[in-house]
Amino acid sequence: MREKGGTTMKTALISSVCFWSFLLMCSIPGAFGQDTPTDSTLYRIETHNGNVFIGRLVTENDQQMVLKTTDIGEITIQRSDIKKAEIISPEQVIDGRYWFKNPHSTRYFFSTNARPLGTGNGYYQNTWVLFNNINVGISENISLGGGIVPTFLFGSVGTPVWFLPKVSIPIQNDNVYLSAGAMLGGIIGEENSGLGLLYSVGTIGSDDTNFSLGLGFGYTGDDWSNSPVINASIMHRTGRTFYLITENYLIPVDGTYQGLLSAGVRWAPENFAVDFALARPTEAGDFIGIPWLGVTLPFGN
């Protein structure tokens with residue numbers, strides 16, 4: 001009976017992932033393809049007083065930059081007034097509005113994908129107040145992070161902590177990555193409390209729309225699991241600040257697999273993100289799901 005239940009869990013997860021993948025790829029033709037080549041170069045200039053201008057660079061010198069914009073024509077901006085100037089791709093201007101790069105492209109609700117944070121980029125993530133994570137890119141393809149549940153604030157003797165190293169390897173331009181990483185944890189104040197996970201994950205797609213499949217082996221002390229945890233996740237950007245996300249697991253339990261499915265949304269302006277989702281064990285019967293609420297603050301470049 002356990003073997004049959006494990007097969008059912010795998011079928012449920014595979015069916016869910018296939019459905020989401022089919023839906024997203026049908027609604028976004030070419031979402032996982034190569035970017036369309038273009039000769040256009042656009043600048044986005046933000047001034048100290050909060051104005052933002054997007055246009056082609058006409059000329060520049062040590063004192064000023066001249067842009068040709070689509071709405072107000074040519075405009076001259078003094079360099080002393082410029083807070084930030086950056087080159088953007090035409091694909092980032094949709095229906096006349098600038099779509100900033102996804103500052104949360106390397107993570108789903110909890111799990112990471114194979115895409116790198118990049119040098120100097122990072123984020124702080126808080127989930128349900130108690131769970132705290134921070135990750136920082138120390139090179140273009142290597143990041144380090146850590147987390148804590150501050151139970152000592154409530155008088156607890158043991159305090160869970162973890163360390164999060166990750167290496168990302170580009171396989172095909174900017175659309176396919178492989179990565180390896182770990183979640184190395186323990187409980188401060190308790191002996192023989194080491195536990196964690198070693199994982200690998202592959203990701204296909206862009207910053208805005210991607211699919212990841214990962215495998216991980218967990219350990220407690222000197223004991224390692226014989227079967228891997230399987231993870232499949234999808235992210236899709238539906239608008240300037242909204243994303244659809246599903247994150248799913250097959251977890252080995254007593255010789256069989258149990259599924260954990262989740263789906264939700266991310267509201268992500270440029271300077272923060274709020275995640276809301278429902279997570280549901282596949283053997284939960286009529287139980288609707290466990291709510292997930294997280295807040296993330298990106299920083300860096």
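Throughout these legends, buried means under 20% relative accessible area, exposed means over 50%, and partly exposed covers the range in between (1.4 Å probe, protein chains only). The model is predicted, so local features need pLDDT of at least 70 and side-chain atom pairs count only at pLDDT 80 or more, while totals for chains, interfaces and linings use all residues. Residues are numbered from 1 along each chain as its sequence is written, and side-chain values use heavy atoms, with hydrogens and water left out.

**Figure 1. The whole protein, with its one helix and 21 strands.**
Helices (H or I, at least four residues) and strands (E, at least two) are DSSP runs, numbered from the N terminus. The protein has 301 residues, and 40% of them count as buried. Its accessible surface comes to about 16700 Å², with 61% belonging to carbon and sulfur atoms; such areas come from the Shrake-Rupley method with a 1.4 Å probe, and for residues only the protein chains shown count as cover. Contact means heavy atoms within 4.5 Å. Taking contacts between residues at least 6 apart in sequence, 45% join residues at least 24 apart.

**Figure 2. Gln125 and its surroundings in strand S8.**
Is Gln125 buried or exposed? Gln125 counts as buried because its relative accessibility is 5%. Its side chain reaches the backbone oxygen of Phe109 at 2.9 Å, a polar contact (a pair of N or O atoms within 3.5 Å; within protein, one must be able to donate a hydrogen and the other to accept it, and residues adjacent in sequence count only if both atoms are side-chain atoms). Setting aside residues up to four places away in sequence, Gln125 touches Arg107, Phe109, Phe131, Asn132, Asn133, Val295 and Thr296.

**Figure 3. Trp128 and Asn173, two loop residues with positive phi.**
Trp128 sits in the loop between strand S8 (122-127) and strand S9 (131-137). Although it is not a glycine, Trp128 has a positive phi of about 50°. Its relative accessibility is 44%, so Trp128 counts as partly exposed. Now move to the loop between strand S12 (166-172) and strand S13 (176-188), where Asn173 is found. Asn173 is not a glycine either, and its phi is positive at about 50°. With a relative accessible area of 56%, Asn173 is exposed.

**Figure 4. Glu46 and Lys83 in a network of salt bridges.**
A salt bridge is a side-chain nitrogen of Lys or Arg within 4 Å of a carboxyl oxygen of Asp or Glu. How many salt bridges does the structure hold? There are nine. One of them pairs Glu46 with Lys83, whose closest N and O atoms are 3.9 Å apart. This pair links distant parts of the chain, with Glu46 in strand S1 (residues 42-47) and Lys83 in strand S5 (residues 82-88), 37 residues apart. Lys83 is exposed, its relative accessible area being 55%. Look also for Arg44 and Glu86, which are linked with Glu46 and Lys83 in the network.

**Figure 5. Arg237 and Asp208, joined by a salt bridge.**
The closest N and O atoms of Arg237 and Asp208 are 3.0 Å apart. Arg237 lies in strand S17 (residues 229-237), and Asp208 in the loop between strand S14 (195-205) and strand S15 (209-220), so their salt bridge ties together parts that are 29 residues apart in sequence. At 6% relative accessibility, Arg237 is buried, whereas Asp208, at 25%, is partly exposed.

**Figure 6. Arg266 and Asp275, a buried pair.**
Here the two side chains meet in a salt bridge, at 2.6 Å from N to O. Both Arg266 and Asp275 are buried.

**Figure 7. Gly196 in strand S14.**
Gly196 has a relative accessibility of 19% and therefore counts as buried. Which residues is Gly196 in contact with, leaving aside its neighbours within four places in sequence? They are Met183, Gly185, Phe217, Gly218 and Tyr219. Thr220 lies 24 residues from Gly196 in sequence, with a C-alpha to C-alpha separation of 6.8 Å in space.

**Figure 8. Ala263 in strand S19.**
Strand S19 spans residues 256-267 and includes Ala263. Because its relative accessibility is 32%, Ala263 counts as partly exposed. The C-alpha atoms of Ala263 and Ile234 are separated by 9.4 Å, and the two residues are 29 apart along the chain.
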